[in-house]
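Got your viewer open? Grab the mouse and get ready to select a few residues, one stop at a time.

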Amino acid sequence: MTDDRAGEWGFERPRPTPWAGAHGVDAVLRDWRNTPKVKGNLVLDLALSATPAVLDPIPEGVSAALVGALARRGIERLFSHQARAYRAAVAGRDLVIATPTASGKSLCYHLPVLQALAEDPNARALYLFPTKALSRDQEVSLRALLADAGLDQGAITYDGDTPGDARRAAREKCAVLLTNPDMLHTGILPHHTAWARLFANLRYVVIDELHTYRGVLGSHLANLLRRLSRVAAFHGSAPVFLMASATVGNPREHAARLIGREALLICESGAPQGERQVLVYNPPIVNRELGIRASYVKSAVRLVTDLIRAKVPTLVFAQSRSTVEVMLKYLRDAAATDSIDPALIQGYRGGYLPGTRRDIENGLRAGAIRCVVATNALELGIDIGMLDAVVCAGYPGSMAALWQRFGRGGRRGERSLALLVASSAPLDQYFATLPATLVGAAIEQARIDPDNVEILVQHLKCAAFELPFAEGDGFRDLSPDDVSAALQYLTEHELLHRAATTTGKALYHWSSESYPANHVSLRSVGWDNIVIIDVERDLAIAELDWKSSHTMLHEQAIYQQDGEQYQVEKLDLDNHKAYVRKVEPDYYTTAMTYTKVAVIKEDNRAPLPWCAEALRAGAGDVSVVEKVVGYKKIKFHSHENVGYGDVRLPEIQMHTTAFWLTVAESAVAAQAAPRPAVIDAIRGIGHALHTVATVGLMTDGRDLGWTLGEGEGDGVPAHKDAGGAGFNPTLFLYDHVPGGVGLAERLFVEKDVLLVRARTIIESCACDGGCPACVGPTVGVVVDGGETTSGSRKEIALALLGALGVPRTA
């Protein structure tokens, strides 16, 4: 008996009997290196040496009870960064700890907080976590540490799931409050008088997973912390901020932007790190003409199956919720063939009910689950026990995310495996071509814009509701002049009332009947989740955010959960419900989305230096409209496209910022190739531009969207049908978050370099006519008369760039 790898990998391997196989990471590595078709596609096989621990004595002044609690956990000395963080915190320094995953960052903030509680029973601390799951996970460990130290002040999670009696206890007695930014925004700050005991005695504010607060969410959090500081000052406290972050390119700058003042950076870790074997597997090419490689999903499944057989605790990261379910099904099918209990393999993603996720986390910690396939939901610091292997099915979009995921393995200080299976996407192929750049490469920076006018005004309204503004007040690091102008604007719109006082300083009071925090979403999602109901059992089985429901819960979609398939019979957006029925299809569905961009306001315009008349750059505010127009049916295992269907759902609109390049129609007409082929080549140039922009900005590729539209003469560009008659085709690269975070402006500044690098990446690609690593795969373009144009997308793209005068890299 041979396994099904013979077909796609071109070799046969005997399936071992359950009692004959070797176990452990080393056995799997030995097997892969002795299998030519696996070894031949390993473009990186690098051992990162183990590093020893750097330990310091527990600082003087730590209470004896707390020292005893640490001793009972086997901690006689601290890692050097933990000791340094403690000393800085008790000295009143704001700080940010930016050390690798699993380096003991939690103790860096637990220790000074517990010391404050030991010294002053009335002291309070506020912990902020990005998700409810993480706050509840930390609550368990913190309460255990409090109990070991003999501290009875208590810690509790305060979120939407907290029952009423626990909420009262949190306000009146609890010393450590664990919550998330959303709850602080809507449930605590607007009612700060009910939380007077917390704010009057607030010693520390802990912000964990700082790197997750990027873009819009980070900009909102910075303003939320402005409000928090203002309320705390009103109640007489000035808390110290303790922040923890995974590896990020600008931790000190990012922390300062969030809290409005400088923070001490602690980035040298004293934690030990076991040896890590880093591998990059690039699936073999199956169509050289189109540059198409074997399915990265199926390749990852085969490699992970080897790990499961070898009893290696493994965490697999997939790129999307749908991919999680597809991989889960494939892995369970393979496990059943090998007489391995499919229950040892579980999925984990957003949409699973909280109880299901907790059971999976507990199973991982207890060693009852051998493999979990997850989205980025498990990137964060939830305690999931000891893992020996981490497999990323596809590059996650940023170096920071990749190493955050890899860091989830090897937590016992032993040898671990970190494997990236590259997809055919441009960034994946870029790093597969230069795999050494994955080790030691610069980490992306986290960028926010707290002074984004749209976001700032929303939080000024919330702040005025919480406490009136006095004339001449600032807003933490925002100047009094800027605040005064905004307050005047809100007064003119009858949201604030200006009242004179005997001190001569006017007060601005909230005058509207509305409750402003309810109308401000920190995550820029203004709709409730969709509840998924199994009609046969009349049971809610999951929930999904409103935007994702358009692609995953449209009618006739195959919704997948826990390796099982359900067909969507009805999507009721008005009542936020989707009705599904369990089925056993041989296919799954994937949505097709149409994107349209229209310019609202052009802030910058400039010709390119090589061809002022033929190529022009611009930047400004745009409207991006996304609409799901249909779906494809993809057959399991073979991944054949076996059918299509229509989808009729409303559009999703977003206002953001964009950078664009407009090619004059005269330059298109001057090309030897027919116009549809030139338009297709411009689309290929956009493909390359997105790749070099993502790498050049050191940002997550998912933060930068792109599409091809058309401009209108010399006026402001507007999107039209890029395949039909028209003029001035325009490439848009836009911030993929509402309001934008400055990516478009940076692209406009770097426009010359961007185009030169795009030409370089296309010319230097080893493919013949175009592939996913440069301009995308070549497709035949039908012109008038039904003939297919000669010349590949790559050839025409290079000819156009040459005609536009874009130079090669010097």
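Here is a short tour of this structure, which is a predicted model.

**Stop 1: the big core**

Start by selecting Trp32, Met327, Val372 and Phe406. These are the residues that touch the most other members of the largest nonpolar core, which has 70 residues. Now colour helix α13, residues 296–309: with eight residues, α13 gives the most to this core. As a bit of background, nonpolar side chains tend to be buried together in soluble globular proteins.

Zoom in on Met327. Which residues does methionine 327 touch, once those up to four places away in sequence are left out? You should find Val297, Ala300, Val301, Val316, Ala318, Val373 and Ala393 around Met327.

**Stop 2: a helix under cover**

Next, select residues 399–406, which make up helix α16. How many of the eight residues in α16 are buried? Eight of the eight are, so you can call this helix mostly covered. Click along α16 and you'll pass Met399, Ala400, Ala401, Leu402, Trp403, Gln404, Arg405 and Phe406, buried one after another. Phe406 should ring a bell, since Phe406 was also on the list at the first stop.

To see what does the covering, show β1 (42–48), β11 (276–281), β14 (314–317), β17 (389–393), β18 (416–421) and helix α17 (426–433). These are included in what covers the buried residues of α16.

**Stop 3: a trio of rings**

Select Tyr109, Tyr127 and Phe129, which form one aromatic cluster. The whole count of aromatic pairs comes to 11. In the pair of tyrosine 109 and tyrosine 127, the rings are edge-to-face, with 5.5 Å from centre to centre and 85 degrees between the planes. Tyrosine 109 sits in helix α6 (residues 105–119) and tyrosine 127 in strand β5 (residues 124–128), so this pair ties together parts that are 18 residues apart in sequence. Then look at tyrosine 127 with phenylalanine 129: this pair is tilted, at 6.1 Å centre to centre and 50 degrees between the planes.

Are tyrosine 109 and tyrosine 127 buried or exposed? Both are buried. For tyrosine 127 the relative accessible area is 0%, and phenylalanine 129 is buried with 0% as well.

**Stop 4: a five-stranded sheet**

Now move to an open sheet of five strands, in the order β23-β22-β26-β25-β24, with mixed pairing. Select 539–544 and 558–561 to see the edge strands, β23 and β24, each of which pairs on one side only. Tilt the view a little: neighbouring strands here are turned by 40 degrees against each other on average, ignoring direction.

Focus on β22, residues 530–534. Four bridges join β22 to β26 (residues 577–583), and these two strands run parallel. Isoleucine 532 stands opposite alanine 578 in β26. With β23, β22 pairs in the antiparallel sense over five bridges, and there isoleucine 533 stands opposite alanine 540.

Follow the chain between β22 and β23 and you'll go round a hairpin with four residues between the strands. Stop at aspartate 538 in that turn, which has a positive phi of about 50 degrees.

Before you leave, show helix α14, residues 321–337. This helix lies across β23, β24 and β25 (564–572), running at about 65 degrees to β24.

**Stop 5: another core and its cysteines**

Apart from the core at the first stop lies another core, of 52 residues, including Leu608, Ile761, Cys765 and Ala773. Pick Cys765, which is buried with a relative accessible area of 17%. Then find cysteine 771: among cysteine sulfurs, the one in cysteine 771 is closest to the sulfur of cysteine 765, at 3.5 Å. Why don't these two form a bond? That distance is too far for one, because the two sulfurs would have to lie within 2.5 Å. Searching the whole structure turns up zero disulfides. Cysteine 774 is worth a click too, as cysteine 774 is buried with a relative accessible area of 0%.

**Last stop: an aspartate in a strand**

Finish with aspartate 603, in strand β27 (residues 587–607). With 42% relative accessibility, aspartate 603 counts as partly exposed. Leaving aside neighbours within four places in sequence, aspartate 603 is in contact with Ala619, Gly620 and Asp621. Now add glutamate 745 to your selection: aspartate 603 and glutamate 745 are 142 residues apart in sequence, with 9.6 Å from C-alpha to C-alpha.

Technical notes
Residues are numbered from 1 along each chain as its sequence is written. This is a predicted model: local features need pLDDT of at least 70, side-chain atom pairs count only at pLDDT 80 or more; totals for chains, interfaces and linings use all residues. Side-chain values use heavy atoms; hydrogens and water are left out. A nonpolar core is a set of buried Ala, Val, Leu, Ile, Met, Phe, Trp, Tyr and Cys residues joined through side-chain atoms within 4.5 Å. Buried means under 20% relative accessible area, exposed over 50%, partly exposed in between (1.4 Å probe, protein chains only). Contact means heavy atoms within 4.5 Å. Two strands pair if DSSP finds at least two bridges between them. Axes are lines fitted to C-alpha atoms, for helices over the stretch in contact, and angles run from 0 to 180 degrees between N-to-C directions. Rings of Phe, Tyr and Trp (its six-membered ring) pair if their centres lie within 6.5 Å; planes under 30 degrees apart count as stacked, over 60 as edge-to-face and the rest as tilted.
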